[in-house]
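Trainee: I am new to this structure and would be grateful for a close look at its interior. Please explain what is found there and how the surrounding parts are arranged.

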Amino acid sequence: MPGGRLTQQERQQIALGLADGLAYAEIARRLERPTSTVTREVMRNGGPTGYRADLAHRTAERRAHRRKRAAPRVGEAPEQAYGRDTEAVREFEEMFTTVMMASGMTAMTARVMVCLTLTDSGSLTASELVQRLQVSPASISKAISFLESQAFVRREQGEGRRERYVVDDDIWYETMVASARSLAQIVETARQGAGILGPDTPAGTRLENVARFLDFVVESTVRAAEQAREILHTKPESTSKPESTSKPEATS
């Protein structure tokens, strides 16, 4: 299986495979590359509908050129814990960031979210994020403000006056609930609009259908989030030896 960076010809084959509707695994098989390589390449460069081979290749060349010119900085590539492969972690971080961007996050917001998620402690200070991502404090502040507004992160008081930004097992639950609340506001607004436009008019009926659909989604989302939280976050009871229930032997 070949290693190294993708060639321009390989990127053109990826583009052709996407145009033919092939799955990432099939494209990767034909290139004799890992499926994760093809997935990361496509998601990083516009997704399956926006991928352009020439543009992707030029972008990759510019990225490689910047890496060669960048001087190594202290703390930029900390030693990986648990014997992890540093290069594999870096590649996964890039792929995860690309997927988060595809979900609607900006590049910086996605980088901050992924950085926090991949930290074993699940929390970092603003200065630690600045050092790890090599960006300005203002960029971190803006990204954190958005993530906090969407319940993706929460703040904790750290040592001294420093705040720590935290992602933990409850964050995704809180995010789902926050999303459901936003949808519930749309439901209420749509129903108000249906009443104003007239429930028997085409526009009023359309709004009522929107409200009914999203109302069902909200209820299902909250119920699923509650069930998942209860099932996945409940610690199993510790096993202990049962007390003896045998009756004492009868004496003659």
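Mentor: The chain has 11 helices and three strands; both are DSSP runs numbered from the N terminus, with helices being H or I over at least four residues and strands E over at least two. Residues are numbered from 1 along each chain as its sequence is written, and the model is a predicted one, in which local features need pLDDT of at least 70 and side-chain atom pairs count only at pLDDT 80 or more, while totals for chains, interfaces and linings use all residues. Side-chain values rest on heavy atoms, with hydrogens and water left out. In sequence order, the pattern is α-α-α-α-α-α-α-β-α-α-β-β-α-α.

As for the interior as a whole, 29% of the 252 residues in the chain are buried. Here buried means under 20% relative accessible area, exposed means over 50%, and partly exposed lies in between, with a 1.4 Å probe and protein chains only. Of the contacts in the chain between residues at least 6 apart in sequence, 51% join residues at least 24 apart, where contact means heavy atoms within 4.5 Å.

The main subject is the largest nonpolar core, which has 21 residues. A nonpolar core is a set of buried Ala, Val, Leu, Ile, Met, Phe, Trp, Tyr and Cys residues joined through side-chain atoms within 4.5 Å. The members that touch the most others are V112, M113, L116, L129, I144 and V153. At least two residues of this core come from each of helix 7 (107–117), helix 8 (126–133) and helix 9 (137–149). Helix 7 contributes the most, namely six residues. In soluble globular proteins, nonpolar side chains tend to be buried together.

M113 shows how such a member is surrounded. Setting aside residues up to four places away in sequence, M113 touches M100, M105, L147, F152, V153, V167 and W172.

One of these partners, M100, also belongs to the contact between helix 6 and helix 7. Helix 6 (residues 86–102) packs against helix 7 at an angle of about 130 degrees, and their axes are 9 Å apart. Axes are lines fitted to C-alpha atoms, for helices over the stretch in contact, and angles run from 0 to 180 degrees between N-to-C directions. Helix 6 is therefore oblique to helix 7, since angles under 35 degrees count as roughly parallel, over 145 as roughly antiparallel, 65 to 115 as roughly perpendicular and the rest as oblique. The crossing of helix 6 over helix 7 is right-handed; a crossing is right-handed if the near helix is turned clockwise from the far one by less than a right angle, and left-handed if anticlockwise. From helix 6, E93, F96, T97, M100 and M101 meet A107, A110, R111, M113, V114, C115 and T117 of helix 7. By class, this contact has eight nonpolar, two polar and two charged residues. Ala, Val, Leu, Ile, Met, Phe, Trp, Tyr, Cys and Pro count as nonpolar, Asp, Glu, Lys and Arg as charged, and the others, Gly among them, as polar.

T98 is also in helix 6, and T98 is buried, at 7% relative accessible area. Its C-alpha atom is 7.7 Å from that of A110, 12 residues away along the chain. Beyond its neighbours within four places in sequence, T98 is in contact with M43 and R44.

M43 leads to another pair of helices, for M43 is one of the helix 3 residues that meet helix 2. Helix 2 (residues 24–31) and helix 3 (residues 35–44) pack at an angle of about 115 degrees, their axes 8 Å apart, and this crossing too is right-handed. Y24, A25, I27, A28 and L31 of helix 2 meet T35, V38, T39, V42 and M43 of helix 3. Eight nonpolar, two polar and no charged residues form this contact. E32, in the loop between helix 2 and helix 3, has a positive phi of about 60 degrees although it is not a glycine. Most residues other than glycine have a negative phi.

Finally, R11 is placed in helix 1 (residues 8–19). R11 is buried, with a relative accessible area of 5%. Not counting residues up to four places away in sequence, R11 touches L6, E41, Y51, A53, A56, H57 and A60. By contrast, L16, likewise in helix 1, is exposed at 56%.
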